[in-house]
Amino acid sequence: MINVLIVDDEPFIRQGLQLLMDWESCGYQICGQASNGLQALECIRAVHPDLVIADIKMPEMDGMELARTLYEQYGGEIKLILLSGFYEFEYAKQAIKYQVNDYILKPIVKTELVQVLEEFRISFDARTEEKRHQQEKDRIIMAQHMQSILLGSADKESVANVQPSYQSANFLRCMLIEATGETAGRAECETDWCSRVEASVGEPFKGQVLKPFTGEKNAVLLILTDLMLKEEAIALEEYIGRLHGELNQGQESAVAFYIGKEVQRVEELYESYQSCGKMKSLRFFTTSGPMYYFEHMNTEIFTKQPGQREKQLFDGLIKSIEQQQMDELRSHAEAIFQFFLNERIEPGIVRIQLHYLAYNLLELVKGETGPPDSGLMQSAFLQMNYAMLSMEANIENLWEFSRLCAEKLKEQQKWNAMGVLARIEAFIHEHYRENISLKLLGEQFYMNSAYLGQIFKKHYAMSFNDYLNQLRVEEAARLLRRTDQRVYEIATAVGYRDSDYFINRFEKLMDETPAQYRKRAQAAYAADSTSCTP
């Protein structure tokens, strides 16, 4: 609905305008009234109308002064239609100067008002759609710049584009918000989960709420700043606790927060982003949570690296997993624990080194597709206290964990080869009716469009455009068989703006025009029906 504010110093005129027509059926709703320009400005600040219909002659502030003020303060964002009991050329000239949308003479004729409002609605819808496209374009561009910063590969241009949004901040943090359990099931797609986080954050600016770059559907990245805390007038822990409560919906550990390292500059955000990833792996070695602060995590595995011999043993196990040498996994597990026993390694150091090994195995398996699966997370190697088990039990647990990692890695390698194309194919099947292109797909999946075109053609043995046309024509054929829609209606329904071009594509792929195809299909159906009649 388009929100309208009516401004006139005569109450019966305001009332008459409301009763003159069915505003809702025309796509409008009256959001307020005012008796002069000053009252109108107060209403505008309170209700934010899309359109103001105002009389020119009013006390205190007339319609032309209101037009000038709106032009100066809102830059044409709020549109204005002026009413007058007489016509003067000077008013028309000023109306043009202040970008007044239209000028209606009193007494108001219903048909003229409806016509003016219909023209305004058409232009308003066009502007709204254009604005939406621009916002989406800006969002994609900002996401690309943020991606390069968070991955540590940003150039000066990316930093310069992101900097204005954060230039007043004294500190920044990346915070990864991950839905788990039942909440993950309800977060049907990245867009749904992003929308929930955005709604809880409250009017985030560009580049503040982002999808992570690992393909995780149930994870969202929030750039947290001290400005947000000052606006809410609360401490960091209180803000995060409140946000967690809103997203958690009263379920125990349904949402996990990974609050990254604090940094002072935009270009340092990659350090904070990397710390979120480290915490995701470290969370399996801590009892804290579901809110994990980098400053509170035990990061000894990053600072106390294993000795040369221990690292050789770990690397041997990792190499066997990478090369799928399943029959060697147990001997590597035995060698590791035998070394701990022979060298009489202090239990605390053993714990740190086993955490180091587990962290590296989890990172190896995780790859680019997000967190490891639940099978790994529930393995005895991560869940049990090695100090309470026999040596044979520890070897068994490490061997079983290594085997699971090797199997998971094999799945990941297969996914990496086909995963991106599989997601792109699903996206095409969902959006083929829209104006999609290789360029749009490249922006959506952060890939070079030329390279995407090459791998697409190699896998499907046809170009992207040919694939898209085939998909659209197949759907068009189904509609021709099952509906009585006109050809031009079907063309529009499957994504073609030009019905002649659609007919040309259809004939090229089906060796007959849509009309010929429908006629033949109907004849075949009639023949089948006759043959089935007893």
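Here is a friendly conversation about how some descriptions of this predicted model are reached.

Visitor: What makes up the protein chain, in helices and strands?
Guide: The chain holds 24 helices and ten strands. Of its 534 residues, 43% are buried.

Visitor: Why is D55 called buried or exposed?
Guide: The relative accessibility of D55 is 4%. Buried means under 20%, so D55 counts as buried.

Visitor: Where does D55 lie, and what is it in contact with?
Guide: D55 lies in strand 3, residues 51–55. Leaving aside neighbours within four places in sequence, D55 is in contact with V7, D8, D9, G63, L83, S84 and K106. An unreviewed UniProt entry also annotates D55 as "modified residue: 4-aspartylphosphate". That annotation comes from the record and may be inferred rather than shown by experiment.

Visitor: What sheet does strand 3 belong to?
Guide: Strand 3 is part of an open sheet of five strands in the order 2-1-3-4-5, with parallel pairing.

Visitor: What makes strand 2 and strand 5 stand at the edges?
Guide: Strand 2 (28–34) and strand 5 (102–105) each have a single partner strand, so one side of each is left without a neighbour in the sheet. Direction ignored, neighbouring strands of this sheet are turned by 20 degrees against each other on average.

Visitor: How do you know that strand 1 and strand 3 pair?
Guide: Pairing asks for at least two bridges, and four bridges join strand 1 (residues 2–7) to strand 3. The two strands therefore count as paired, and they run parallel. V7, for its part, has A54 in strand 3 as its bridge partner.

Visitor: Which helices lie against these strands?
Guide: Helix 1 (residues 11–20) lies across strand 1, strand 2, strand 3 and strand 4. Helix 5 (residues 110–150) packs on the sheet and touches strand 1, strand 2, strand 3, strand 4 and strand 5.

Visitor: What makes the direction of helix 1 roughly parallel or roughly antiparallel to strand 2?
Guide: Helix 1 runs at about 175 degrees to strand 2. Angles over 145 count as roughly antiparallel, so helix 1 is roughly antiparallel to strand 2. Helix 5 makes about 170 degrees with strand 5, so that pair is roughly antiparallel too.

Visitor: How do you know that strand 6 and strand 9 pair?
Guide: Strand 6 (residues 172–179) and strand 9 (residues 255–259) share five bridges in the antiparallel sense. At least two are needed, so the two strands count as paired. E178 stands opposite A256 in strand 9. Strands 6 and 9 sit in an open sheet with the order 7-8-6-9-10 and mixed pairing.

Visitor: Why are helix 21 and helix 23 called roughly perpendicular?
Guide: Helix 21 (residues 464–482) and helix 23 (residues 499–510) pack at about 95 degrees, with axes 10 Å apart. The range for roughly perpendicular is 65 to 115, so the name applies to helix 21 and helix 23. The residues of their contact divide into nine nonpolar, two polar and one charged.

Visitor: What makes H48 and A461 worth a look?
Guide: Both are residues other than glycine with a positive phi, near 50 degrees for H48 and near 60 degrees for A461. Most residues other than glycine have a negative phi.

Visitor: Why do H48 and A461 count as buried or exposed?
Guide: Exposed means over 50%. H48 is at 55%, so H48 counts as exposed; A461 is at 68%, so A461 counts as exposed. H48 is in the loop between helix 2 and strand 3, and A461 lies in the loop between helix 20 and helix 21.

Conventions: Residues are numbered from 1 along each chain as its sequence is written. This is a predicted model: local features need pLDDT of at least 70, side-chain atom pairs count only at pLDDT 80 or more; totals for chains, interfaces and linings use all residues. Side-chain values use heavy atoms; hydrogens and water are left out. Axes are lines fitted to C-alpha atoms, for helices over the stretch in contact, and angles run from 0 to 180 degrees between N-to-C directions. Angles under 35 degrees count as roughly parallel, over 145 as roughly antiparallel, 65 to 115 as roughly perpendicular and the rest as oblique. Ala, Val, Leu, Ile, Met, Phe, Trp, Tyr, Cys and Pro count as nonpolar, Asp, Glu, Lys and Arg as charged, and the others, Gly among them, as polar. Buried means under 20% relative accessible area, exposed over 50%, partly exposed in between (1.4 Å probe, protein chains only). Contact means heavy atoms within 4.5 Å.
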